[in-house]
Amino acid sequence: MPNDEAQSSHPTAPASMSDAERAEAITKAFATAAQPTDHPAVRAFGHTLIELGCAVLFIAPGTKVPADLRRAQQRHRRRTDYESATGGGQAESALKDGGVYQAATDADEFDRHLVQYARQYGKGCAINLAIVPGRSRLVAVDADTADEVAAFVAAVGLADATPTVRSPGQIDSDGTTWAHSDGGHWWFVLPEGVELPERPQTMNAEGGYAVTWGRGKYVLIPPSVRPEGPYVLAGTVEPLPATLGTLILDHITARTERAARTRERITSGDLDAVQRWGAEITWDDILAPTQWVNTGTTYSGCGCDLWTAPGLHASERSAVAHEPGCSAFDRPDPPFYCFTDHDREPFETVIAHTGRPTVTRLEAFAAIHHDNDIGAAMTALGIDLTPDLSVDFDPQGRPSDIGPTPKGRVLRMTAAADIADDVPTWAWEHDGYGRIIRAAVCTFAGRPGAGKSTAARWFVAGYTNGTISGCFLGDPQAVAYISSEESWEYVVKPGLRAAGADMRRVHRITAETDGRTVKLLGLDDERAMTEMFLTAGVTVVVVDPFMGTVDGKTDIYRPNEAREAAEPWQR
């Protein structure tokens, strides 16, 4: 317990404190961060931050994962309450008191958490702390590399590239390679009177850096320590720059418009009961009773939340939970996509059964609460997909009972007038017309030597530079180029260079077996390729030629076999 003199040296936050004064006070507070093993000093530090309006979260020692400081009885009671709330339909967000929701906003709450932390991890353990930006009226920027730092400084127009807090970086799973280094966190005070929405909570900006303002997000602060090193104060907290505020508002507007289109589909009646339920419940709600933990960071490909699976993993980024408005999935109830291949409970069974790394919301709910019984889950949620089959006999008097419907199959008849039509999004527009639809297969057909590959490389150059007229104009994209006939060294790369492609955004995909390069196959390698594309943020895939990814045993002159070979690319 520090003495009164030490406590009085900490800054306070009077009601009349301006944004600039609060920024200066939080900077001074960060400077008082003591050794993480000095629990009395950490207590005083936490109290100071709370006095300045910050929500402070305890993080498990040496990690970036929130410490679960609830007692076993409390966790059990909350799970029971949650199941009662979700058994009949919508989840109650207020029941989620784990993870980031344990952030302390008053001194007594902080002290209770500190006592439980020491009891759980040891009296002399090193304490890691984080701040929840959205509950603290702060905005945090995370740039992991020197390139990301340069991109952020240039975009916002900062005169000084020094971050508020120098982060320790991150070593890759091989234990030697630095995945992140030379980065840091910038902290900004949100102007008085400005309110940012609950969703989205963060954005991944052009250049790779992340901006966070959400109530469900957190960012580590001094005196936290990870195996790579400590978090150290390097610069100052500042009022939010107008340029950064504009970037945030533009991102919010774009995501809000996509989410609005989803809501229109919900209210139009164009969705079945499962889709409507899925569109109205968040992954935070669904995963609340599990041991999955929201990392507080987002996936670079679409800005949706990244989660850590139970158990030990080389990377904390085990899965991405896609939400409505996501740029990767234009659907009302986008899935949970698992990157990790182990310790995925309670989803191991459904992933093994379907053979795909994605889990739908209904599948997740069934796995968590009903032992993977979809029917029982639908009954509990009050979802009924049984169509109305009450029809009159026709003049011929055909019998009503023609035969049983196979289990699990449901037929629906919808009048065209009841189907919501829409305008496609074009990935390429030319001469005033859309030519290539986004999220669809486009085939270049022609005789040998007609220039199909040359045209493909022109498109690759345009997409990687953001110069193709269409939805990606001004927004450079990552491209996967799969070539099975031509040499990358002598033909493909020189051709891409001649077309002006940004080589940093082009990725070659190859397959190996026992160290030997083998033919990449659409059917066999679909899952691995999908994971690669999502991880790298790839949005454009070029297959040159398509036949190079088809098994030699496939008879392409048989329509059924040809169609099956094309299905992975259509998916």
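Let's start with how the chain folds back on itself: of the contacts with a separation of 6 or more, 67% are between residues 24 or more positions apart. Keep in mind that this is a predicted model. The chain has 571 residues, and 43% of them count as buried. Its secondary structure comes to 16 helices and 26 strands. On the outside, about 29,800 Å² is exposed, with carbon and sulfur atoms supplying 51% of that area.

A good place to look first is a little sheet. This open sheet has three strands, in the order 1-2-10, and the pairing is antiparallel. Strand 1 and strand 10 (219-221) are the edge strands, each of them pairing on one side only. On average, and ignoring direction, neighbouring strands here are turned by 45° against each other. Zoom in on strand 2 and strand 10, and you'll find three bridges joining this antiparallel pair. L129 is worth picking out here, since its bridge partner in strand 10 is I221. Helix 5 packs on this sheet, where it touches strand 1 and strand 2, and its direction makes about 5° with that of strand 1.

Now for the rings. The structure holds 19 aromatic pairs. One of them is made by F30 and W187, an edge-to-face pair with 6.4 Å from centre to centre and 70° between the planes. F30 sits in helix 2 (residues 19-31) and W187 in strand 7, so this pair ties together parts of the chain that are 157 residues apart in sequence. Are these two buried or exposed? Both F30 and W187 are buried.

Another pair takes us back to the sheet and its helix. The ring centres of F58 and Y117 are 5.3 Å apart and the planes stand at 45°, so this pair counts as tilted. F58 belongs to strand 1 (residues 56-59) and Y117 to helix 5 (residues 107-121), so to speak two distant parts of the chain, 59 residues apart, linked by one pair. F58 and Y117 are both buried. Further along the chain, ring pairs also build a cluster, and its members are W428, F444, W458, F459, Y463 and F472.

Charged side chains come next, with a count of 13 salt bridges. Take R137 and E195, whose side chains meet in a salt bridge at 3.2 Å, N to O. R137 is in the loop between strand 2 (128-131) and strand 3 (138-143), while E195 is in the loop between strand 7 (184-189) and strand 8 (202-204), and the pair links these distant parts, 58 residues apart. How open are the two partners? R137 counts as partly exposed because its relative accessibility is 23%. E195 reaches 63%, and therefore counts as exposed.

Other salt bridges have a buried partner. E348 forms one with R344, and their closest N and O atoms are 3.1 Å apart. With a relative accessible area of 7%, R344 is buried. D502 and R505 also meet in a salt bridge, at 3.4 Å from N to O. Here D502 is buried, with a relative accessible area of 14%, whereas R505 is partly exposed at 23%. Which residues are linked in a network of salt bridges? D502 and R505 belong to one, together with R504.

Terms used. Residues are numbered from 1 along each chain as its sequence is written. This is a predicted model: local features need pLDDT of at least 70, side-chain atom pairs count only at pLDDT 80 or more; totals for chains, interfaces and linings use all residues. Side-chain values use heavy atoms; hydrogens and water are left out. Helices (H or I, at least four residues) and strands (E, at least two) are DSSP runs, numbered from the N terminus. Buried means under 20% relative accessible area, exposed over 50%, partly exposed in between (1.4 Å probe, protein chains only). Contact means heavy atoms within 4.5 Å. Accessible areas come from the Shrake-Rupley method with a 1.4 Å probe; for residues, only the protein chains shown count as cover. A salt bridge is a side-chain nitrogen of Lys or Arg within 4 Å of a carboxyl oxygen of Asp or Glu. Rings of Phe, Tyr and Trp (its six-membered ring) pair if their centres lie within 6.5 Å; planes under 30 degrees apart count as stacked, over 60 as edge-to-face and the rest as tilted. Two strands pair if DSSP finds at least two bridges between them. Axes are lines fitted to C-alpha atoms, for helices over the stretch in contact, and angles run from 0 to 180 degrees between N-to-C directions.
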